[in-house]
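Hi everyone, thanks for making time this morning. I'd like to walk you through one structure, so please have a look at it with me.

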Amino acid sequence: MEDYDTPDDFAEEIDTAARKRKALEADKTKKPKWKSGEIDTVIDELEKRSCLWDVFDKDCHNREKREVAYTELEDILKHTKKDIKTKIAGLRTQLGREIAKTNSWKSGQATSEKSPRGCSTINYNFFIQ
């Protein structure tokens, strides 16, 4: 406290430091926003890199090839590897839910009246293997 003219100056600096620390912590918890164009790009680029999603691909079990593919995606998408992995997992989950919706019937619905519900316009077909 010797470097400060008044105790109020000292208290103000402590408050400022606390606000900065809270702001940094808040930035870490923020999830990145994905634009619809970026999601389409993720799907297109992911389709080109079968080592990230096709378990029957021999490169899928090669950690180095997967790391190279994730690094390429990071460079293209300008998102972190963790964010990209989270987005891929979310897309797979969304696909599974939409497939389940299209394969289900409403109570009392005849099998001949089965109609697709909740279908998205996103093309996920390459995930299905």
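Let me start with how the elements are assigned: helices (H or I, at least four residues) and strands (E, at least two) are DSSP runs, numbered from the N terminus. On that basis the protein has four helices and zero strands, and from the N terminus on the order is α-α-α-α.

Two notes on the source. What you see is a predicted model, where local features need pLDDT of at least 70, side-chain atom pairs count only at pLDDT 80 or more, and totals for chains, interfaces and linings use all residues. Residues are numbered from 1 along each chain as its sequence is written, and side-chain values use heavy atoms, with hydrogens and water left out.

Now, the overall picture. I'll call a residue buried under 20% relative accessible area, exposed over 50%, and partly exposed in between, using a 1.4 Å probe and protein chains only. Buried residues make up 20% of the 129 residues in the protein. For contacts, meaning heavy atoms within 4.5 Å, I can add this: of those with a separation of 6 or more, 46% join residues 24 or more positions apart.

On to the core. In soluble globular proteins, nonpolar side chains tend to be buried together. By nonpolar core I mean a set of buried Ala, Val, Leu, Ile, Met, Phe, Trp, Tyr and Cys residues joined through side-chain atoms within 4.5 Å. The largest one here has 15 residues, and those with the most contacts inside it are W34, L46, L52, Y70, L73, L77 and I84. Two or more residues of this core come from each of α2 (36–48), α3 (63–77) and α4 (81–103).

Let's take α3. With 15 residues, α3 reaches 21 Å from its first C-alpha to its last, close to the 21 Å expected at 1.5 Å a residue; the expected span is 1.5 Å times one less than the number of residues. Which residues of α3 are buried? They are A69, Y70, L73 and L77. These residues cover an arc of only 100° around the axis, so they sit on the same side of α3; the arc is that of the directions from the helix axis to the C-beta atoms. As a reminder, an α-helix has 3.6 residues a turn, so residues three or four places apart point the same way. The cover over the buried residues of α3 includes α2 and α4.

The two ends of α3 deserve a look too. At the N-terminal end, N62 acts as the cap, with a side-chain oxygen 3.1 Å from the backbone nitrogen of E64. Just after α3 comes K78, in the loop between α3 and α4. Most residues other than glycine have a negative phi. K78, though, has a positive phi, near 60°, and K78 is exposed, at 68% relative accessible area.

Still in α3, we find E74, partly exposed at 27%. Beyond its neighbours within four places in sequence, E74 is in contact with H79, T80, K81 and I84. A polar atom of the E74 side chain lies 3.0 Å from the backbone nitrogen of K81. As for E74 and I84, they are ten residues apart in sequence, and their C-alpha atoms are 7.6 Å apart.

Next, α2. This helix has 13 residues and reaches 19 Å between its first and last C-alpha, close to the expected 18 Å. I39, V42, I43, E45 and L46 are buried there, and their cover includes α3 and α4. Where does the glutamate E45 stand, buried or exposed? At 12% relative accessibility, E45 counts as buried. Its side chain makes a polar contact with the side chain of R49 at 2.7 Å. A polar contact here is a pair of N or O atoms within 3.5 Å; within protein, one must be able to donate a hydrogen and the other to accept it, and residues adjacent in sequence count only if both atoms are side-chain atoms. Leaving out residues up to four places away, E45 touches L73 and I76.

Last, the cysteines. How many disulfides does the structure hold? Zero, taking a disulfide as a pair of cysteine sulfur atoms within 2.5 Å. Why is C51 not bonded to C60? The C51 sulfur is 7.3 Å from that of C60, its closest cysteine sulfur, and this is too far for a bond. C51 is buried, at 9%, and C60 is buried, at 12%.

Thanks for listening!
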